[in-house]
Structures are given as structure tokens and as C-alpha cells.
Amino acid sequence: MASARLLLRPLWLLSHVLVLVLVVAMVNLGFWQLDRLAQRRDRNDVIEAREEQPAVPVEDLVAPGSGQAEVDQARFRSVTAAGIYDPAGTVEVRNRSQDGVAGAWLVTPLDLGNARVGVIRGFVGFDADGEVADPPPPEGEVTVTGPVVDPAKLDGTAPRDLAPLLDGESTLPVVVRAESSTPPEPGAGERAAGEPAAGIAGTIRPVPGADLSEGPHLGYAVQWFIFSAIAVIGYPLVLRNVVRRRHADRGAPVDDLDRELDELLRQGR
């Protein structure tokens, strides 16, 4: 059994423990990705269900000072907001990209009469001077339709960029992502042939909705389980080859190897 006892040396025992830890970790990562997939599907179901509900005035769902519970219930609901834009209050949510073009979102407060709500009017690119284009909003009474967005759930610098706009006793704690506007945004449909839709100075494009794909979670889970299987199957084969080489170096008959390994397993039990 001298050849097989090689696998009981401290360094080999450390190797066995390391492989075992890696297998356990990879299996757990696989199940974690499956859990992420289930969460993504649940989220998509919520979005689709809320988007199918009829649009209601945004002030029917939330009010100035509404708590997080009300915001969560209103999130993704289709709403209307009617009022007059306040161009001076426009803020830029930077570090955005759309259609492969870098730029920003323009978010302008809309005065509803008894409250104000920020409206994500759309995406704009940079002008010739490298500044964010700033097309003016429609004048007069405007009605926008789109889903409710929780500013706190936006990524990147968006929560910080939107903080000044949301700071006010009469401001709703949500923003509306405009899918349509009556009257429409000036120049929203103008672009030269062959130019990217979001990259022309002075134009503004609607911001796409939430991604309803399932993401890469299922593929990642399969990968982790495959890696685990490779380790479980491959590592014993590696150990067997190591013992075979050790056995051959000692000049012992190869036929004795299986008996050594069986004896070692019995002793390990």
C-alpha cells in the first residue's frame, strides 16, 4: 500500500480538502444562480402585471411624503401626469448610454398643480462642444404617460443626480419615465438618414423600459454544476494516475494497484 499511502501525506490531504471546498462552493454558486433566476422571473411577472393595468394619474398612487411602501406598490405602474414643465429645474442624470451612444437622461419637474413630479423626458447625446444637449421641453399644458420609477432603485449616479429635484415638500418621491408626450418633445422624431437615433445634438429619445429577459443566470448555474461534475469525476482520476506513476516508479506490479487502493479505502472507513 506504499504507493497509495502517498495520498495521505499532508500536502495531498490539503489538496483533498481544497477540492472538496471548491466542489461545495461551486454547487452553492449554481443554486445561488438558480435562486437569482427565480427572483428575476418573479420581478418580470410583477412588471408585466403592473404594466397591464390601466394608466391612472400618478397622484392617485403616491403623494408628497409617501413612504417606501407606497412607492414600492406604485413602481412599474403605468400612470399619466398632466401639468406644465419647469425647465429651470431640469437635472441631468449622467453616465448613461443608449444605442451605443454616451449621454445623459434629462429629468424635468412637471407642475401638476397641487404637486410636482420629475419626468424622465428621454436620453440625449453630447453636442459638438462635448456638452450634454439640452432641448427645451414642450410648452404649455403637457400630458405624459409612462411607468413609475423609484429613484432609489436606479443604478450609477442616478439617485445622487436626482436628489436636488426630489428635494421639496410638494414633490412626489417618484419619477415618471415618459413613454409618450402630448404635445411631443420638440425634435423627438428628427434625425438624418444613417445617424444613430440617440446621438444627434438637440434630439431626445425615450428611455427604454426595464429589461424583461431572464439574464444569464441559468447559463451560469449550468456552468457551475458542470465545473462541479468535472471536479468530482476528474480529481479521482488524477489521483489514480498519480498512484499508478508512483507504483511504476517503485517497480511494483501494476496488478497490485487495485488491491492497494481497495485496502486504503477500507482503512479510511
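A residue is called buried when its relative accessible area is under 20%, exposed when that area is over 50%, and partly exposed in between. The legends below apply these terms to a predicted model.

**Figure 1. Arg121, a buried residue of strand S5.** Arg121 belongs to strand S5. Its relative accessible area is 3%, and Arg121 is therefore classed as buried. Beyond its neighbours within four places in sequence, Arg121 is in contact with Tyr85, Thr90, Leu106, Thr108, Pro135, Pro136, Pro137, Ala178, Glu185 and Ile204. The list includes three prolines numbered in succession, Pro135, Pro136 and Pro137. Val176 stands 55 residues from Arg121 along the chain, and the C-alpha atoms of the two are separated by 8.5 Å.

**Figure 2. Overall fold of the predicted model.** The protein contains six helices and eight strands. In sequence order, these elements follow the pattern α-α-β-α-β-β-β-β-β-α-β-β-α-α. Of the 269 residues in the protein, 36% are buried. When contacts between residues at least 6 apart in sequence are considered, 69% join residues at least 24 apart. The exposed surface of the protein amounts to about 14,900 Å², and carbon and sulfur atoms supply 57% of it.

**Figure 3. The largest nonpolar core and the surroundings of Leu172.** This core has 19 residues, among which Val58, Leu110, Val117, Val144 and Leu172 touch the most other members. Two or more residues each are contributed by helix H3 (68–74) and by strands S2 (78–85), S5 (116–125), S6 (141–149) and S7 (171–177). A second core, separate from this one, has 14 residues, including Ile120, Ala158, Leu165 and Val207. Leu172 itself touches Val58, Val62, Ala63, Pro64, Leu112, Ala115, Arg116, Val117 and Leu166, with residues up to four places away in sequence left out of the count. Val58 and Val117 thus appear both among the core members that touch the most others and among the residues touched by Leu172.

**Figure 4. The largest pocket and its lining.** The pocket holds about 540 Å³ of space. Its lining comprises 23 residues, and Trp105, Leu154, Pro208, Gly209 and Ala210 are those nearest the pocket centre. Helix H2 (10–51), strand S3 (91–98) and strand S6 each supply at least two residues of this lining. By residue class, the lining divides into 10 nonpolar, three polar and 10 charged residues.

**Figure 5. Asn95 and Asp99, two non-glycine residues with positive phi.** Asn95 is part of strand S3 and has a positive phi of about 60°, although it is not a glycine. The relative accessibility of Asn95 is 63%, so this residue counts as exposed. Asp99 is located in the loop between S3 and strand S4 (101–111). Asp99 is likewise not a glycine, and its phi is positive at about 55°. With a relative accessible area of 55%, Asp99 is also exposed.

**Figure 6. The cis peptide bond at Pro183.** The bond that leads from Thr182 to Pro183 is cis, with an omega near -5°. Pro183 lies in the loop between strand S8 (180–182) and helix H5.

**Figure 7. Tyr220 of helix H5 and its distance to Phe31.** Tyr220 is located in helix H5, which spans residues 217–249. A relative accessible area of 39% places Tyr220 in the partly exposed class, because that class covers values between the 20% limit for buried and the 50% limit for exposed residues. Phe31 and Tyr220 are 189 residues apart in sequence, and their C-alpha atoms are 9.9 Å apart in space.

Key:
Residues are numbered from 1 along each chain as its sequence is written. This is a predicted model: local features need pLDDT of at least 70, side-chain atom pairs count only at pLDDT 80 or more; totals for chains, interfaces and linings use all residues. Side-chain values use heavy atoms; hydrogens and water are left out. A nonpolar core is a set of buried Ala, Val, Leu, Ile, Met, Phe, Trp, Tyr and Cys residues joined through side-chain atoms within 4.5 Å. Buried means under 20% relative accessible area, exposed over 50%, partly exposed in between (1.4 Å probe, protein chains only). Helices (H or I, at least four residues) and strands (E, at least two) are DSSP runs, numbered from the N terminus. Contact means heavy atoms within 4.5 Å. Accessible areas come from the Shrake-Rupley method with a 1.4 Å probe; for residues, only the protein chains shown count as cover. On a 1 Å grid over the protein atoms alone, a cavity is a set of points where a 1.4 Å probe fits but cannot get out, and a pocket is an open set with protein on both sides within 12 Å along at least five of seven lines; lining residues have an atom within 4 Å of a point. Grid points are joined across faces, edges and corners, and a volume is the space filled by probe spheres set on the points. Ala, Val, Leu, Ile, Met, Phe, Trp, Tyr, Cys and Pro count as nonpolar, Asp, Glu, Lys and Arg as charged, and the others, Gly among them, as polar.
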